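Visitor: I've never looked at this structure before. Could you walk me through how to read it?

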Amino acid sequence: MRRVYDQKSLRQRTIWDHFILGLLMISTLVVMVPLLIIVGYVIINGAGALNWDLFTQELGSPARAMQGRPTGLVHTILGTAVVDLLAILIAAPLGLGAGIMLSEYPDHKLNPVLRILNDTLNGMPAVLKGLLAFSLVVKPMGTFSGLAGGVALAFVMIPIIARSTESALMNIPWTIREAALAIGLPRWRVILSTVMPAARTGLVTGFLIGFARAAGEAAPLMFTSFGSNYLPNHWSNMILGPVDTLPQRLYSLAISPYKEWHEMGWAAGIILLTFVMILFIAARFLTRQKIKT
Amino acid sequence: MQENQTANPELKRPLSIIYRWLGDRIFLTVTVALGSSIILLALSMAFVLYSESSTTWQEFGIIGFLRGTTWDAGLHLKFGALPFLFGTLITSLVSLAIAFFPAVAIAIFMAEYSPRWLSGIIENLVQMIAAIPSVVIGIWGIFVFAPWMRETFYLPVFTWTADHYPSLLPVLGNPIGYGITTATIILALMIIPYITALTNDAIRQVPKEQREAAWALGATRWEVIRMAVLPYARGGIMAGAMLSLGRAVGETMAVAMLIGNKNTLPFSIIGPASTMPSVIINEFREAVENLHLSSLMAIALSLFVISLIVNLIAAYITRKLSITGGQLV
Amino acid sequence: MLSQEEIVKTDGPSNGSPLVRMESKDLTVKYGQVTGVKNISLPIYNESVTALIGPSGCGKTTFLRALNRMHDLTRSAVITGEVLLDGYNIYGPKVNPVTIRRKIGMVFQKPTPFPTMSIFNNVVAGLKLVGINNRKLLNEVCEKALRQAALFEEVKDRLTDPGGSLSGGQQQRLSIARALAIEPEVILMDEPTSSLDPQSSSKIEDLIHELKKNYAIVIVTHNMQQAGRVSDNTGFFYLGELVEFGETGKIFTNPVNKRTEEYLTGKFG
């Protein structure tokens, strides 16, 4: 039998293999290092800018910071809590409903449309969701408000929650549903008391991921909750009036011309980053738990 | 527990009709109402953006607005979208071009070369970095990256050009640090984690058998990747690149903080520019004139259409190029 | 567990050349704590077919994959013992597994054409790896390999179609052609017909008969009739050990070991 002689020696091919590996390792380093540097800078500068006043005082006018009077972000932190809470309250039922519809009523004729439009919504830039909330809430109400901010962030969360709910419920085998139906439970009880409890880790993970994504968004809040330098005089004004939120305040501080505010911007940065990372790590942790069991 | 009672059909027979039929009815109705509201929401986004921008379309016409190069909210109230269309396309396409190969390289390294413990670390880091809010990247860009770029690259290049080719200075642009190049690099860094994550997903879908077939032919590790892994995963990788392009197109805060916000063409290489999301963020809060607001909404509608197209292409690629069971579909 | 004494070996091949092409000596494969196969010593004769049979999970595939160092890809696998190819240990310290796999080809359970490559490129994939780009030579090798795999007549007019466009049986013969194109010395087949219909299976079996004139072939099969039809020698694996090895006719009609007999008569497996 005639042997076909190799044109490239094994040595050449092995060297090429090592060369590619080197290239891949260099790429990985070149990309990962700057990204880690960003995180490092935010942590170091942010930690340096943290102080007690941040959590107890309101911001006030720039003069306050420049004259060295106590100033802080307490109204921002409270406002963020209110707006994020409103967002999840609005997003949760809609996302869950859509997820249940997609997973538990797979034959429903609206499902293909729902799936496509949900993905479309998910792919839309967050700034457009802010404009939608502006038109749907701010314009009719005649004022910027925490509610509008919550609605805008809810628009960010909804498609994520819908998708993750669908896949969390789909992961529950059909046999469980059949078993529950067989012992005479009506369908809605099967879903509420058998399928959803079984899928709860996945459901919570989806909520956390949606929450983490929305909590870091500034763009939808710029023209909905708008921002404010002061604590409102009544708590209801956090919902019905303009209210400060961390991402939007971070942006305003960073582009302001005052050095003192730049410092506070780093502080806002580390607070926001910590908040988002806690949500994110909790989601990762739950995902891992789910895989183990 | 409630379950135990209802589990016995005998116990709840008297309630049966209401409990069962009506319960199912109500539950289905509520679920469908909630689900359909997402459909309404998506449709209303298109409708609202269109109706809010109708004044602009009437005033300048679709082509006139999209091709208009003047954006003057002060004296003449004349609005054209071309600078922003141009800025968005340039920044997103160039950032994708910069990000694509390194991002895919990380994914390949992670999936095919590195030991498992290292892949785990890289994967977690990549996911974590993807979760960093855009404004947080932005503040680093404003205070660290842009000044560094100015001192290290822009000023030396500017001085050199001024000495040797002064006629090229307008093309190069002002070395203030904030500008289209700075924004594009940051954008590239921001989309790398997405491309890496999506490429990693695509590579994981490649069946073990495909790899083994290549190994069995006496392929080296790289040859296995080139011959079996990448061709199989190409649909997923391309779709991932498209989705990341969609991200870059819609990325708002970091770009608005770093691009320098210049609303008139021509843009220069390192000088300030604008994108569609950045002009919305910069001007919407302060806009008072009806035509100005409506023109910003028209920009938003254009952004909506571009995002829609990019996402549809990604979906098309996924369907067209995905491979199942050894067969091209 | 089986004791060492239970392993019975009978002598040599019945036909063909008595040349031992490959030989495993005390080969053990472990995955972490789990032992895949233990102390396997088995000769593979040139120009003959060696079948490996046994109940699923008995280690026959594990053993087969050790013969061309496919376990190198499983990070947790640890291999001790030797596998000799023409007298050289393929697990020797200076041996590159890439060279080994070019000498010992493999065909898998599922057909594995590269779905995006054309039929032609699938066949010559192994040649292109080593930089052979001479179109005339590639055409020649492709036709020869496809003829050897009894596929040429069926695909000669559509060599540019993607490999994924063929039927299952054709895809498997394409995989065989691809393995043949690099002119290996030994061909390993891991249940090559298990995912095929009976008609395609019998084509592959005919093919094995043809191929054994030039190659040493090792085939893992769960189908005892198939082992009986195609092989010259048979090894029976049970719980990770080689229980019995010998001439196929002898093993099927007059097995020495009780477990072999039980398996062959369908008492378990």
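Guide: Sure, let's begin with domains. This is a predicted model, and in it chain A is divided into domain 1, residues 10–49, and domain 2, residues 75–292.

Visitor: How many Å separate the centres of domain 1 and domain 2 of chain A?

Guide: Taken over C-alpha atoms, the centres are 33 Å apart. The two parts do touch: 6 residues of domain 1 of chain A are in contact with 7 residues of domain 2 of chain A. On the domain 1 side, the touching residues are 4 nonpolar and 2 polar, with no charged ones.

Visitor: What about contacts between chains? How many residues does the contact take from chain A and from chain B?

Guide: A general idea comes before the case: the size of an interface is often given as the accessible area lost when the parts come together. Here we go by residues instead: 74 come from chain A and 70 from chain B. On the chain B side, helix α2, residues 16–52, gives the most, with 21 residues. Sorted by class, that side has 50 nonpolar, 14 polar and 6 charged residues.

Visitor: Now chain B by itself. How many helices and strands are there in chain B?

Guide: Chain B has 14 helices and 4 strands. Its radius of gyration is 26 Å, while the globule rule gives 20 Å for 329 residues, so chain B is more spread out than a compact globule. Along the principal axes, the C-alpha atoms of chain B fill a box of roughly 90 × 65 × 40 Å.

Visitor: What percentage of the residues in chain B is buried?

Guide: Buried residues make up 51% of the 329. You can also look at how contacts relate to the sequence. Take the contacts in chain B between residues at least 6 apart in sequence: 73% of them join residues at least 24 apart.

Visitor: Which backbone details should I look for in the loop between α12 and α13 of chain B?

Guide: Try two spots. B:P266 lies in that loop, and a cis peptide bond joins B:L265 to B:P266, with omega about 0°. B:N261 is in the loop as well. B:N261 is not a glycine, yet its phi is positive, about 55°.

Visitor: Is B:N261 buried or exposed?

Guide: Buried, because 21 other C-beta atoms lie within 10 Å of B:N261 and the cut-off for buried is 20 or more.

Visitor: Where is C:E191 found, and what is its phi?

Guide: C:E191 sits in the loop between β8 (186–190) and α8 (198–211) of chain C. Phi of C:E191 is near 45°, a positive value in a residue other than glycine. C:E191 counts as buried because it has 21 C-beta neighbours inside 10 Å.

How values were computed: Residues are numbered from 1 along each chain as its sequence is written. Chains are lettered from A and ligands numbered from 1 in the order in which they are written. This is a predicted model: local features need pLDDT of at least 70, side-chain atom pairs count only at pLDDT 80 or more; totals for chains, interfaces and linings use all residues. Helices (H or I, at least four residues) and strands (E, at least two) are DSSP runs, numbered from the N terminus. Ala, Val, Leu, Ile, Met, Phe, Trp, Tyr, Cys and Pro count as nonpolar, Asp, Glu, Lys and Arg as charged, and the others, Gly among them, as polar. Domain bounds come from an automatic or database domain assignment. A residue is buried if 20 or more other C-beta atoms lie within 10 Å of its own, exposed if 12 or fewer, and partly exposed in between; C-beta atoms are placed from the backbone. The radius of gyration is taken over C-alpha atoms; the globule rule is 2.2 Å times the number of residues to the power 0.38.
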